[in-house]
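Reader: I should be grateful for a close look at one part of this molecule, namely the contacts made by its charged side chains. Which residues take part in them, and how do they sit with respect to the surface?

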Amino acid sequence: MKTNLRPRPKLELALLRRGVDHMAAETESCGHCRRHPLIGERIYRYASGAVLCELCRTLESAIPASSHLVHGPEFGHTMKIIDQRVTA
């Protein structure tokens, strides 16, 4: 098995780092463990402003003010086919 171990130019590495940093900035992270929750995992927001993942939720004794599912990058960009045929 041959691997491609060519040296990467500095510009290529800089663009890659910038893209990864940009993606990480758009996603929420847990206020306790600092990890980015997986797609389909629930994020909990508390009145105190804390944002916790499902794993760290048990550390907070208060009831969450709201929660939502983590969506993938395709969320909102997919097509949904609706049957609009007239039924008799």
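**Charged side chains and their contacts**

Author: In this predicted model, the count of salt bridges comes to three. Side chains of opposite charge can pair when their charged atoms come close.

Consider the pair formed by Arg45 and Glu28, whose side chains meet with a distance of 2.2 Å from N to O. This salt bridge links distant parts of the chain, for the two residues are 17 residues apart. Arg45 belongs to strand S1, which covers residues 42–45, while Glu28 lies in the loop between helix H1 (10–26) and S1. Arg45 is partly exposed, with a relative accessible area of 34%, and Glu28 is likewise partly exposed, at 26%.

Another salt bridge joins Glu41 to Arg35, and here the closest N and O atoms are 2.5 Å apart. Glu41 is buried, because its relative accessible area is 10% and buried means under 20%. Its partner Arg35, at 25% relative accessibility, counts as partly exposed.

There is also the salt bridge between Asp83 and Arg85, with 2.9 Å between the closest N and O atoms. In this case both Asp83 and Arg85 are exposed.

A contact of another kind involves an aromatic ring. The charged end of Arg57 sits over the ring of Tyr44, at 4.3 Å from the centre of that ring. As for pairs of aromatic rings, the structure holds zero.

Notes
Residues numbered from 1 in each chain as written. Predicted model: local features only at pLDDT ≥ 70, side-chain atom pairs only at ≥ 80, totals over all residues. Heavy atoms only, no water. Phe/Tyr/Trp six-rings, centres within 6.5 Å; stacked < 30°, edge-to-face > 60°. Lys NZ or Arg CZ within 6 Å of the ring centre and 35° of its normal. Salt bridge = Lys/Arg side-chain N within 4 Å of Asp/Glu carboxyl O. Helix = DSSP H or I, 4+ residues; strand = E, 2+ residues; numbered from the N terminus. Buried < 20%, exposed > 50% of the residue type's maximum accessible area, 1.4 Å probe, protein only.
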